[in-house]
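Thanks for asking me to look this one over with you. Open the viewer beside this note and find each part as we go.

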Amino acid sequence: MALTGVEIFKLLPKTNCKKCGQPTCLAFAMKLAQRQVSLDQCPDVSEESKQKLGEASAPPIRPVTLGAGTRAVKMGEETVLFRHEKKFVNPCAFAVKIEDTLSEADAAKKIDEVLASEIDRVGQKLRVDAMFLSNDSGDAAKLEALAKLAAQKAPDVPVIISTVNPDAAGAALGHFSGKNAVLYGANAGNLPAMAEKAKAAKAALGIAAKNLDELSDLTEKAKGLGIEDMVIDSGARKAGEILRDNTYIRRAALKKGIKQVGYPVINFAERGDEMLESLVAGLAVKKYGSIVVLGAVRKWKDLVLFSLRQNIYTDPQVPMQVQQKVYKIGEPGPKSPFLITTNFSLTYFIVSGEIENCKVPCRLAVMDSEGLSVLTAWAAGKFTASRISQFITESGIGEELEQKELIIPGYVAILSGAIEDKLPGWKITVGPREANGLPAFLKARA
Amino acid sequence: MPFTPPKESYNGKIFELALGSGEKALAIGGENVLSFHGFEGSTPRKPVIAMEVQDIAPADWPQTVQDVYKDVSGDPVAWALHCQDKLGAEAIALRLTGTHPDKGDISAEQAAATVKKVLEAIKVPLIILGSNHAEKDTAVLVKAAEAAKGSNCVIGKAQEANYKTIAAAAMANDLKLIAMSELDINLSKQLNILITQMGFDREKLITDPMCSALSYGLEYTYSVMERIKLAALAQNDPVLQPPMLADAGMYVWKVKETQAPEAGLPEWGSLAERGIAWEAVTASSFLVSGADMLIMRHPAAVEAVKKFIAEMEV
């Protein structure tokens, strides 16, 4: 359980030496309790205190890295149950299951699909993050052949090896040394041998338990065997079980400080029905999964799940912003209408959505207003005549238009005279107040 | 080492709301825990999916959804019966789109006649929705409410600009009322208070905190819903205890991802599945964040969400 500032203070030297950069030991203790500073910054803390504090100051959900290099995925370190409290920290990894019962050609095709899955989405590069190599055959040689193929074709893609056979695990892991693979499949029957293989390959150990009791027992035992990095599976498979167990695990780790379940969670969403699979995977994205295993790569499914992950993991305290520029909607010509709005993402989505929907090609200038909506930005002095005219002039958009006409949101009708003064040669037209008035407004002009 | 599940219990409870009448009548809400948290409390009612039907042909829906209803969508009664009988809809949401001044400006009387015909034809509960034109909706929904008197159906949406007339009409005709405000827990609370101050029974309200689509503000609706549900349960705030609605379909089938053909954007994959998944993932996300009722459009998306709900039962 996390210590309070006062409890931490009792373990510090109490010299108020300021070497840590804080004015007093108490101030340092308070910051430590909130995880804003690290214990290393105190040079005089005793070994005994360090051990006690180290235990207590470790993050409640252990950070574990899957893979190495540019494609490495950080997991764990979450601090809250609900995203409105604070940003969810490390977006979950999507892993695609590749069975060793597949023919080499089929396995190669799946690996290629993982490699080709990258898309650019609102400025972020998103992709299927990992391969889950599954020893469905039960044959060690088949798993190793698949591991070899994956290591050759996709050497940078993080890997999870799934088997209950320690010998098969050892051989397959041999192809991923130094790659922070996960060895999944440690259970009550094979734990010591699996732990050995994971340690030898410096892989994290994936615990495959039947239920939460067995899970906390197995992680405790694995820790006793010297395993630090783990990924945990409570055995939940049905959607309702995933919600229940993931909720219990997250609460126990964060609110009760139960270290036995303070690890990233792996969930299994693969279903024969891929539409249902998308929804179960979506549940794991929202409710605390760190690795979500899928049955197959599909471009439509990727787009849906990447988008959902992006939505859930945005920072609720920072208004989402759209890049300042003139966006083309449809294929606008020199006579097409030209409108302006602010760069709050919701404003942009709603305005561009309405324009797209009414199928009148337009240019839409989105001006940086620090993520504020039109009225708020106007009130805050971020959406003013001089800023608008400067943006329009610098964009050079006037060159593309037959007639220099700018349509402004109805809520800032008051600005039209001032903008006209600052933009000589331009006609300023007042548009509707709400985006839902745009279709009628634009169609009436067409 | 045994693991002690850290269960949560709350003082508050969501109101249970009965909809419709007869053998197909339904109820929503009643839970005293977060959505699908039956493992630590009571969730007596399953979430309900209402299928959307419109008074006019849905010319502004993407072709992929228009096609599914092409044989029935000219006639609201046939369309509603198709959803009820062929597609197994548990409820019908009749949107009076054609009353919008820009979309035909159908009169309130004519809209009320449509409501009456649909109500007479179907057995499942009906949700009557205006065209979301605040001014026109006051006229249309007053007539529609009269036409639906005694049917125990739902009418909406009452918004800040027009709640007085619509709430009064719902009250006079003994209907349930949807109160919609714009993506803010305090606005939801304020509107529910204003409506109850008129003498409207808060146990007959449905809160619509405003929906959104995946990638187009989903996280706002999602978090506002979670906050409303937590305030209702943990803080036992009765103003926020009405069940919640996510009117998902209309937001989803407007966005580019549900319309752009694969030919132009090969990296987005099959349009047919992409659109269905967009609606199903959006809708199921709001079930997880707290909605008790959904309004959806594509039958395949409805089917997927029904399977999801079934799998959520432990």
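Below are some numbered points on how the chains meet and how their sheets are built.

1. A word before we start: this is a predicted model. Please keep that in mind as you read on.

2. Let's begin where the two chains meet. On one side, 55 residues of chain A take part, and they are in contact with 56 residues of chain B. Interface size is often expressed as the accessible area that is lost when the parts come together. Here, about 5200 Å² is buried between chain A and chain B, and carbon and sulfur atoms give 64% of that area.

3. How many salt bridges are there between chain A and chain B? The count is six. One to look up is the pair A:K255 and B:E8, whose closest N and O atoms are 3.3 Å apart. In addition, 15 residue pairs are in polar contact between chain A and chain B, with both residues at pLDDT 80 or more.

4. Which parts of chain A make up the side that touches chain B? At least two residues each come from β4 (119-121), α8 (212-224), α9 (239-255), α10 (274-286), α11 (299-312) and α12 (345-358) of chain A. The largest share, ten residues, is supplied by α9(A). By type, this side of chain A has 24 nonpolar, twelve polar and 19 charged residues.

5. Now turn to the sheet in chain A. Eight strands form an open sheet with parallel pairing, in the order β10-β9-β8-β7-β6-β3-β12-β11. At its edges are β10 (230-233) and β11 (266-268) of chain A, each paired on one side only. On average, neighbouring strands here are turned by 25 degrees against each other, ignoring direction.

6. Zoom in on one pair in that sheet: β7 (residues 159-162) and β8 (residues 182-186) of chain A run parallel and are joined by three bridges. A:I160 has A:V182 as its bridge partner in β8(A). Helix α5 (residues 140-153) of chain A packs on the sheet, touching β3 (93-99), β6 (130-134) and β7 of chain A, and its direction makes about 160 degrees with that of β6(A).

7. Chain B has an open sheet of eight strands too, ordered β8-β7-β6-β5-β4-β3-β10-β9, with parallel pairing. Why do β8 (205-208) and β9 (245-246) of chain B each have one side without a neighbour in the sheet? They stand at the edges with a single partner strand each, so that side is left free of a neighbour.

8. Finally, in chain B, three bridges link the parallel strands β5 (residues 126-129) and β6 (residues 154-158). Look for B:I128, which stands opposite B:I155 in β6(B).

Conventions. Residues numbered from 1 in each chain as written. Chains lettered and ligands numbered in written order. Predicted model: local features only at pLDDT ≥ 70, side-chain atom pairs only at ≥ 80, totals over all residues. Heavy atoms only, no water. Contact = heavy atoms within 4.5 Å. Buried area = accessible area lost by both parts, 1.4 Å probe. Salt bridge = Lys/Arg side-chain N within 4 Å of Asp/Glu carboxyl O. Polar contact = N/O pair within 3.5 Å; in protein donor to acceptor, adjacent residues only side chain to side chain. Helix = DSSP H or I, 4+ residues; strand = E, 2+ residues; numbered from the N terminus. Nonpolar A, V, L, I, M, F, W, Y, C, P; charged D, E, K, R; others polar. Pairing = 2+ DSSP bridges. Axes fitted to C-alpha atoms, helices over the stretch in contact; angles between N-to-C directions.
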